[in-house]
Amino acid sequence: MASPPTTILSELGFRFDPNNLYQQVATQVLRSAELLEVPRFLQLILAQPKNELMVHFPVRMDDGGYRLFKGYRVQHNNLLGPYKGGIRYHPSVSLDDVKSLSLLMTMKCALVRLPLGGGKGGVQVDPRKLSKDELMRLTRRFTSALGDNIGPDYDIPAPDVGTNAEIMGWMADTFINITGRAHRNQATAVVTGKPLAFGGSAGREKATGQGLVFVLEVLLPALHIDPAKMSYSVVGFGNVGSWTARLLKQRGSRLRAVIDHTGAIINEDGIDADSLAEHVRETGGVRGYPNATAIDADMFYKTRVDVMIPAALEQMIDEHVAAKIDCKVLAEGANAPCTPEADRVLEQRGVQVLPAILCNAGGVTVSYFEWQQNRQAERWSEAHVDEELRRLMHAAADRVTELAKRMGCDMRTAAYCSALGHLDEVYKIRGVFP
Ligand code: NAD
């Protein structure tokens with residue numbers, strides 16, 4: 001049975017819904033806040049985002065007709081710095097999902113000690129069904145609808161599921177064109193994850209996977225797993241899944257099975273991550289990859305591996321899937337991939353869960369480096385980006401490990417507590433206005 005939300009959520013009028021992602025995430029965060037005994041005002045502030053923006057905007061389609069789209073931008077908290085978080089293009093984007101992801105961004109930035117707050121946005125659309133021109137018009141119209149609700153000092157979007165560097169380039173160009181002259185020379189910093197030639201950072205495309213690999217470097221040896229010898233499986237072979245796999249290949253790890261929206265594949269001798277990434281680029285998914293055998297989802301989840309890496313969408317691992325999984329460690333590349341019931345089943349079965357706000361923080365960390373480079377008109381080498389990313393990811397992983405030991409709690413609770421402790425410290429200094 002799902003545990004009911006905290007008193008604060010009940011006081012704020014939430015009607016208990018165990019399947020609601022926002023209630024699940026907020027409950028986990030607020031339970032950690034209770035454990036850490038952070039002040040009630042901080043729990044109240046974090047229980048809801050500061051701003052929730054919803055826009056409807058028309059887009060001219062290639063056939064000359066118009067479609068109306070719904071977009072969101074949720075700004076959860078900006079205590080530590082400008083709101084920061086991705087833009088998702090997906091048909092099932094909802095306000096609750098975007099709220100959940102914005103809260104996770106607040107936690108992630110605080111955990112890594114970045115001078116950034118938490119935000120998230122999205123448009124209800126299946127980008128695969130639009131032509132490139134339609135996608136560009138939609139992006140430009142969405143950006144203009146957001147207007148000065150985004151900006152390099154205020155709220156800085158980035159790519160997420162269904163968006164990429166090209167789309168970020170269109171967003172930045174639109175913002176530069178609609179913003180006043182006074183802000184133009186810094187306006188490129190309005191979004192991160194841009195193409196390299198237009199203010200992007202070296203290492204940004206692979207950053208989330210790279211960050212996850214740096215986290216595993218610190219945490220796996222303590223769990224008696226050698227990355228050079230381990231076997232693993234991946235759920236989702238998009239940006240996060242494929243880059244994680246390509247970087248793990250360089251360390252000698254064996255990719256045994258992969259599942260994505262098109263199907264599942266296995267090869268006991270190992271799947272070559274680079275050639276699978278090429279196949280996905282050409283065909284849109286893992287189905288039909290020639291050097292592996294097709295399997296069903298049930299068999300995928302039952303495949304024995306040392307580490308499983310969910311890197312697709314939220315809540316894909318429920319209690320039924322969790323009961324089948326045969327791994328020692330589950331490293332969350334995706335945001336909120338496990339339901340609270342799944343967490344309980346995994347704990348009972350002795351699976352160590354490494355939480356998303358730690359494992360996938362590499363993306364926002366290199367986004368922060370990109371923002372810094374844009375503002376200082378600098379260009380960092382990939383080696384420098386990697387070195388700085390390694391330093392920050394190792395520090396965050398050490399912080400979580402140390403706190404989990406000290407508090408005698410699981411890694412997810414420890415990660416939230418580390419983030420909450422930092423937010424609490426800064427609120428104590430700044431106070432609540434007025
Ligand atoms: P993406 O769009 O590049 O890839 C998503 C993957 O999920 C695809 O391989 C798709 O096939 C797969 N997928 C979709 N539905 C599926 C299903 N029903 N079963 C199995 N697989 C399915 O997205 P991404 O950028 O790699 O993001 C993945 C996750 O990581 C998301 O939770 C996102 O919020 C999170 N994340 C991404 C970044 C980033 O920098 N891209 C940073 C932090 C967190």
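Author: A disulfide is a pair of cysteine sulfur atoms within 2.5 Å. The model discussed here is predicted.

Reader: How many disulfides does a search of the whole structure find?

Author: The cut-off for a sulfur pair is 2.5 Å. For Cys327, the closest cysteine sulfur is that of Cys338, at 9.3 Å, which is too far for a bond. Cys359 is likewise in no disulfide, the sulfur of Cys338 being its nearest at 11 Å. Over the whole structure, the number of disulfides found is zero.

Reader: Is Cys359 buried or exposed?

Author: A residue counts as buried under 20% relative accessible area. Cys327 meets this criterion at 9%. Cys359 has a relative accessible area of 0%, and is therefore buried.

Reader: Which domains contribute at least three residues each to the shell around the ligand?

Author: The ligand is surrounded by 22 residues, with Asp160, Thr208, Phe237, His261 and Asn335 the closest. By class, the shell holds eight nonpolar, nine polar and five charged residues. At least three residues come from each of two domains: domain 1 (50–185) and domain 2 (207–354).

Reader: What percentage of the area that the ligand exposes when taken alone does the protein bury?

Author: Polar atoms of the protein approach oxygen atoms of the ligand: a side-chain N or O atom of Thr208 at 2.7 Å, a polar backbone atom of Phe237 at 2.8 Å, and a backbone N or O atom of Val240 at 2.9 Å. Taken alone, the ligand exposes 830 Å², and the share of this that the protein buries is 83%.

Technical notes:
Residues are numbered from 1 along each chain as its sequence is written. This is a predicted model: local features need pLDDT of at least 70, side-chain atom pairs count only at pLDDT 80 or more; totals for chains, interfaces and linings use all residues. Side-chain values use heavy atoms; hydrogens and water are left out. Buried means under 20% relative accessible area, exposed over 50%, partly exposed in between (1.4 Å probe, protein chains only). A residue is near a molecule or strand if one of its heavy atoms lies within 4 Å of it. A polar contact is a pair of N or O atoms within 3.5 Å; within protein, one must be able to donate a hydrogen and the other to accept it, and residues adjacent in sequence count only if both atoms are side-chain atoms. Accessible areas come from the Shrake-Rupley method with a 1.4 Å probe; for residues, only the protein chains shown count as cover. Ala, Val, Leu, Ile, Met, Phe, Trp, Tyr, Cys and Pro count as nonpolar, Asp, Glu, Lys and Arg as charged, and the others, Gly among them, as polar. Domain bounds come from an automatic or database domain assignment.
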